[in-house]
Amino acid sequence: VRPAAVVDPSTPGAGLAGDPPPLALDAARASIWVTGPDGRYRIRGLPRGKLTVLAVAGGYAEARSRAVTLGAAEVVSGVDVVLTPGTFVFGKISDQHGAPVIGAEVTAQPELGAPLEGFSDSDGNYRLGPLSGTIELRATAYGHVDAHTSVALAPPKGRDPGEQRQDLTLEV
């Protein structure tokens, strides 16, 4: 089978019949997804509506901006995101008799962003982080009823991450 038409993208002005030429890229207005030393970013081409900017960086907890409402073709500046060392959540997963639950899956789901997952060790202990804001903490293990709780994490003071203990009980 032979294709009906082939467009060579390396040919200047190549496109399908009737396609306008591509717009020239203005480097001064292009998106900046990875910040430099100045910490600045720019996101272009967003639809109108409400959004929150999520930032991630190694060694820091995920951080969120304030909610921003965008109109059609509107430019909004001054949407800051402050990264902190975050807080590590740790504790023990045990059953209703106080026995450790080994290999329980523990998940910390922030309000926005990706969840962190881990497992309890041979003593039933777990540690997840760094995290920030309010998280939904859930533990599950085979043969046990799931446990979950909402945890509000206080921002750490200084440059070192904080710690917050949160034990969970899984009933057999």
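Ala, Val, Leu, Ile, Met, Phe, Trp, Tyr, Cys and Pro are counted here as nonpolar, Asp, Glu, Lys and Arg as charged, and the remaining residues, Gly among them, as polar. The structure shown in these views is a predicted model.

**View A. Lining of the largest pocket.** The largest pocket of the model encloses a volume of about 1,300 Å³. Its lining comprises 34 residues, of which Y41, R42, I43, V53 and V76 are the closest to the pocket centre. Two elements, β2 (54–55) and β4 (68–70), each give two or more residues to this lining. By residue class, the lining divides into 20 nonpolar, seven polar and seven charged residues.

**View B. Surroundings of E74.** E74 is located in the loop between β4 and β5 (87–94). Its relative accessible area is 43%; because buried residues fall under 20% and exposed residues over 50%, E74 is classed as partly exposed. A polar atom of the E74 side chain lies 2.6 Å from the backbone nitrogen of G71. E74 and G45 are 29 residues apart along the chain, and their C-alpha atoms are separated by 10.0 Å.

**View C. Arginine and aromatic ring.** R127 places its charged end over the ring of F88, at 4.4 Å from the ring centre. A pair of aromatic rings, by contrast, is described by the distance of the centres and the angle of the planes. For the model, the count of aromatic pairs is zero under the rule that ring centres lie within 6.5 Å.

Key
Residues numbered from 1 in each chain as written. Predicted model: local features only at pLDDT ≥ 70, side-chain atom pairs only at ≥ 80, totals over all residues. Heavy atoms only, no water. 1 Å grid on protein atoms, 1.4 Å probe; cavity = no way out; pocket = protein on both sides within 12 Å on 5 of 7 lines; lining within 4 Å. Points joined across faces, edges and corners; volume = space filled by probe spheres on them. Helix = DSSP H or I, 4+ residues; strand = E, 2+ residues; numbered from the N terminus. Phe/Tyr/Trp six-rings, centres within 6.5 Å; stacked < 30°, edge-to-face > 60°. Lys NZ or Arg CZ within 6 Å of the ring centre and 35° of its normal. Buried < 20%, exposed > 50% of the residue type's maximum accessible area, 1.4 Å probe, protein only. Polar contact = N/O pair within 3.5 Å; in protein donor to acceptor, adjacent residues only side chain to side chain.
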